[in-house]
Amino acid sequence: MKLRYLGRSGLRVSRICLGTMTFGMEGWGCDQDEATKITNAFIESGGNFIDTADMYSAGVSEEMLGTALTGHSRDDLVLATKCWFRMKPTANAKGLSRKHICEALEASLRRLGTDYIDLYQVHGPDPFTPMEETMRALDDLVRAGKVRYIGCSNYFAWQMVKANSISAQLNTERFISGQHMYNLLRRDVEREILPACVDQGMGMLCWSPLAGGMLCGKYDAEAGPEKDSRVGLRSAIDLPRYWRDESFSIIRKVVEIAEETDRTPSQVALGWLLQQPGVTAVIAGARTQQQIESSLIAGEWDVTDEKVEQLSNVVPFDEGYPRDWINTTFSNIE
Ligand SMILES: NC(=O)c1ccc[n+]([C@@H]2O[C@H](COP(=O)([O-])OP(=O)(O)OC[C@H]3O[C@@H](n4cnc5c(N)ncnc54)[C@H](OP(=O)(O)O)[C@@H]3O)[C@@H](O)[C@H]2O)c1
């Protein structure tokens, strides 16, 4: 398994991160037995980086991961979790206030059965809490030895830059990573967020790198998703997110390249992401041990530049304004 430094930090992580959102998830997830097998297979292959969140299956993912990690060396792992989602119907059980961050962290430590988190991430931006309060609270957790590094998820580019600027003013810990949706079907981050991560020395961690399984080529464009499939069960979220005519042209190319290179579509789709500048790791999700074992091959195998370009060009990415203005006028100041 190839390792990379996470952003401009000294933390080395496997370029495949194990995503555990399936652990305990009813319908499209897995039980403790399979979660343990998935985790063992991941660690045995050399993976050290594991991502969860307090809200995944309302805390059950963290509990199942804690159980799965019994017998593994805690210090050899890089454990990442997140806070932000509402965990109870009470006034402060959500968001990024000092009060909620401290309580959420303690609850995650209890569920995971550990006394520190390597990468503590804010799951989304909180428009109601001053960023100064959030960054100070996160810094306090690092000073207290409960957290090693901090990161963010689902932030706009300007929010990441603002948060790190506040940290510079306060002389507190800064974000070393951004966790965002990035896959061949949704490349939105290429416009602003990925360049901001590179500028800020933050590693990009890609969530839903297989577009929830669509990039594995198992969905039929004409027939639509079967009701009990993952996309069928999550149709309200996943259909508007991924199910577009152009998606199936991209998926066909992924399958074609997989056949040409004697790989699986999931390995090709993960491999494309891992060649994008600024990307540190892909957070691969799995419902079965067999699925994670397939994805783990992408931790070693590199997609060639030629194939990366072919995949990128199936549907030319619209970089939008002001990139198109800069592309047409930049020669004026050269
Ligand atoms: N920060 C955030 O807001 C956020 C949001 C979402 C996810 N995440 C993180 O990202 C991780 C991954 O997300 P994701 O589960 O959406 O990722 P994904 O990698 O896009 O999708 C994983 C799903 O694809 C299918 N799959 C995986 N390997 C396969 C294979 N070899 N063959 C066929 N199907 C395969 C499985 O679903 P089926 O078998 O059921 O089809 C599996 O559950 C999560 O666990 C979580 O850690 C973060």
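# Chatting through a predicted model

User: Hi! Let's start with proline 322: which loop is it in?

Analyst: Hello! Proline 322 sits in the loop that runs between α12 (305–312) and α13 (323–329). Bear in mind that this is a predicted model.

User: Sure. What kind of peptide bond joins tyrosine 321 to that proline?

Analyst: A cis one, with omega at about 10 degrees. For background, most peptide bonds are trans.

User: Which residues other than glycine have a positive phi?

Analyst: Alanine 58 is one of them, with phi near 50 degrees, and asparagine 171 is another, with phi near 60 degrees. Most residues other than glycine have a negative phi.

User: Where do those two lie?

Analyst: Alanine 58 is in the loop between β4 (49–51) and α2, while asparagine 171 is in the loop between α5 and β8.

User: And are they buried or exposed?

Analyst: Alanine 58 counts as partly exposed because it has 13 C-beta neighbours inside 10 Å. Asparagine 171 is exposed, with 7 other C-beta atoms within 10 Å.

User: Switching to the ligand: which residues come nearest?

Analyst: There are 30 residues around the ligand, and the nearest of them are Gly19, Met21, Leu210, Gly213 and Gly285. Two elements give two or more residues to that shell, namely β10 (279–285) and α11 (289–296).

User: What's the make-up of the shell by class?

Analyst: It has 16 polar, 10 nonpolar and four charged residues.

User: Nice. Now helix α3, how many residues does it have?

Analyst: α3 has 15 residues, 98–112. From its first C-alpha to its last it reaches 21 Å, close to the 21 Å expected at 1.5 Å a residue.

User: Which of its residues are buried?

Analyst: His100, Ile101, Ala104, Leu105, Ser108, Arg111 and Leu112. They are on the same side of α3 because they cover an arc of only 130 degrees around the axis.

User: Why would a spacing like that put residues on one side?

Analyst: An α-helix has 3.6 residues a turn, so residues three or four places apart point the same way.

User: What covers that side of α3?

Analyst: The cover over the buried residues of α3 includes two helices, α2 (60–68) and α4 (131–143), along with β5 (78–83), β6 (117–122) and β7 (147–153). Just after α3 comes glycine 113, with a positive phi near 70 degrees.

User: What about α6, which residues are buried there?

Analyst: In α6 (residues 193–200) they are Ile193, Leu194, Ala196, Cys197 and Gln200. They fall within an arc of 160 degrees seen down the axis, so they line one face of the helix. Their packing partners are α5 (157–170), β8 (175–181) and β9 (203–207). Glycine 201 follows α6, and its phi is positive, near 65 degrees.

User: Let's go back to α2. Leucine 65 is in there, right where I'm looking. Buried or exposed?

Analyst: Leucine 65 counts as buried because it has 27 C-beta neighbours inside 10 Å. Beyond four places in sequence, its contacts are Thr20, Phe23, Thr39, Ile50, Thr52 and Leu112.

User: Last topic: which residues touch the most other members in the largest nonpolar core?

Analyst: Cys17, Leu215, Val254 and Val282, out of 89 residues in that core. Helix α10 (residues 265–274) gives the largest share, six residues.

User: And what does valine 282 touch?

Analyst: Leaving out residues up to four places away in sequence, valine 282 touches Ile16, Cys17, Cys206, Pro209, Leu270, Leu273 and Leu274.

Technical notes. Residues numbered from 1 in each chain as written. Predicted model: local features only at pLDDT ≥ 70, side-chain atom pairs only at ≥ 80, totals over all residues. Near = placed C-beta within 6 Å. Helix = DSSP H or I, 4+ residues; strand = E, 2+ residues; numbered from the N terminus. Nonpolar A, V, L, I, M, F, W, Y, C, P; charged D, E, K, R; others polar. Expected span 1.5 Å × (residues − 1). Buried ≥ 20, exposed ≤ 12 C-beta atoms within 10 Å, placed from the backbone. Arc of directions from axis to C-beta. Contact = placed C-beta atoms within 7 Å. Core = buried A, V, L, I, M, F, W, Y, C linked by C-beta atoms within 7 Å.
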